[in-house]
Amino acid sequence: MNKKNKILLLLLFVGLIALSSCSLKPLKNIQYKEFENMEDIDSDLIIVGFSQLGSESDWRTANTKSIQNALISENGFSLIFANGRQKQENQIKDVRSFIFQEVDYIVIAPVTETGWDTVLTEARDAGIPVVIVDRMIDTEDESLYAAVVGTDKHAEGMKAGIWLEKHLEKVKQASDASPDGSGTEYVEEDVNIVILEGTINSTAQIGRSQGFDDIAKNHENWNIIARESGDFTKAKGKEVMAKYLREFDDIDVLVSQNDDMTFGAIEAIQEAGLTCGVNGDITIISFDAVSRAFDMMEEGLINVVIECNPLQGDLISEIIERLENGEEVPKISYVDGKVFEAENASIDRIGRSY
Ligand code: GYE
């Protein structure tokens, strides 16, 4: 090949590359995304796009499984699953992709509360009903979603505060009854509380914080000396608790807004040479009530867990079926939760699947 031909060939090659990259551009604009289970989608069934916020905790794993097990073909559903990996921007892209693929329903477990109006307006304009699960969204416009399925996080926070009130009362009675009066100090003087908060601006963080604060404000001797986010993960929970332990040498109570952060915090407490739980230096209040938390209650390391039930799949499928039949559905449906104490953990955990 002579030099001129070589140059021509090179130019042709460069031109082809330029052309092919141009033709990719429109694809980017239409927000199309291939999800893992796309080949299995059956358009004769009700197609649901589910944007899960992430996989940060045991609770989340149980919640994902519950929804995946309910929205199956035997029940008339074909599910497209998307993991947002803790980022709202990922979730928004996933929802746009569902809209583009013309799914029948969209289910969203939103990582944080604000910033959903635009994409939900797009879903509404496309005529796709949206069911919000687990956490809430903050919007003025209720027509952006058909229904909400979740738990009452504010009530969960209050239950934590009410448990602490009763616990301190019991400690007081026990110490009043003891001949040397030891322990009275803890009840009548300052109670130093540290809080491990969940992902900031998530419903679970906002509700559990406000609910607990609503009880705490009635007690002048409850001092909330620190509150910081551990992002609902074990690693971050451990890191923040280790920091608290370096900063304060008189922590009486830890309120940890989920079990995974609690597991990390317990490691930090033990590494600092302290004890926790039923007979320990630091009283621990946790949230969720997954199996590993029951193990730790049985060991006496956690005093109490405020339950948040992740098994929401059946309720979600029931609501979608009713919407499909043109029936009215309640705007908000809450799944109830209990309060589990270390003392009864071995009995209370019977039958638990997660
Ligand atoms: O407590 C936590 C998870 O939103 C209720 O999110 C949920 C919380 C749950 O990461 O473990």
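**View 1. Helix 7 and its buried residues in this predicted model.** Take a look at T203, A204, Q205, G207, R208, S209, G211, F212, I215 and A216, which are the buried residues of helix 7. They make up 10 of the 14 residues, so the helix is mostly covered, with buried meaning under 20% relative accessible area. Their packing partners are helix 5 (153-177), together with strand 6 (191-197), strand 7 (222-229), strand 8 (253-256) and strand 9 (283-288). From first C-alpha to last, helix 7 (residues 203-216) reaches 19 Å, close to the 20 Å expected at 1.5 Å a residue.

**View 2. An open sheet of 6 strands.** Follow the strands in the order 2-1-3-4-5-11 and you will find parallel pairing. Strand 2 (77-83) and strand 11 (332-334) stand at the edges; each has a single partner strand, so one side of each is left without a neighbour in the sheet. On average, neighbouring strands here are turned by 20° against each other, direction ignored. Helix 3 (residues 88-100) packs on this sheet, where it touches strand 1 (46-52), strand 2 and strand 3 (105-108). The direction of helix 3 makes about 170° with that of strand 1.

**View 3. Strand 4 beside strand 5.** Here strand 4 (residues 130-134) pairs with strand 5 (residues 147-150) in the parallel sense, over 4 bridges. To find your bearings, start at D134, whose bridge partner in strand 5 is G150.

**View 4. E307 and its surroundings.** E307 sits in strand 10 (residues 304-307). Its relative accessibility is 8%, so E307 counts as buried. The side chains of E307 and R352 are joined by a polar contact of 2.8 Å. Leaving aside residues up to four places away in sequence, E307 touches E156, D288, A289, D336, G337, K338, F340, R352 and Y354.

Note on methods: Residues numbered from 1 in each chain as written. Predicted model: local features only at pLDDT ≥ 70, side-chain atom pairs only at ≥ 80, totals over all residues. Heavy atoms only, no water. Helix = DSSP H or I, 4+ residues; strand = E, 2+ residues; numbered from the N terminus. Buried < 20%, exposed > 50% of the residue type's maximum accessible area, 1.4 Å probe, protein only. Polar contact = N/O pair within 3.5 Å; in protein donor to acceptor, adjacent residues only side chain to side chain. Contact = heavy atoms within 4.5 Å. Expected span 1.5 Å × (residues − 1). Pairing = 2+ DSSP bridges. Axes fitted to C-alpha atoms, helices over the stretch in contact; angles between N-to-C directions.
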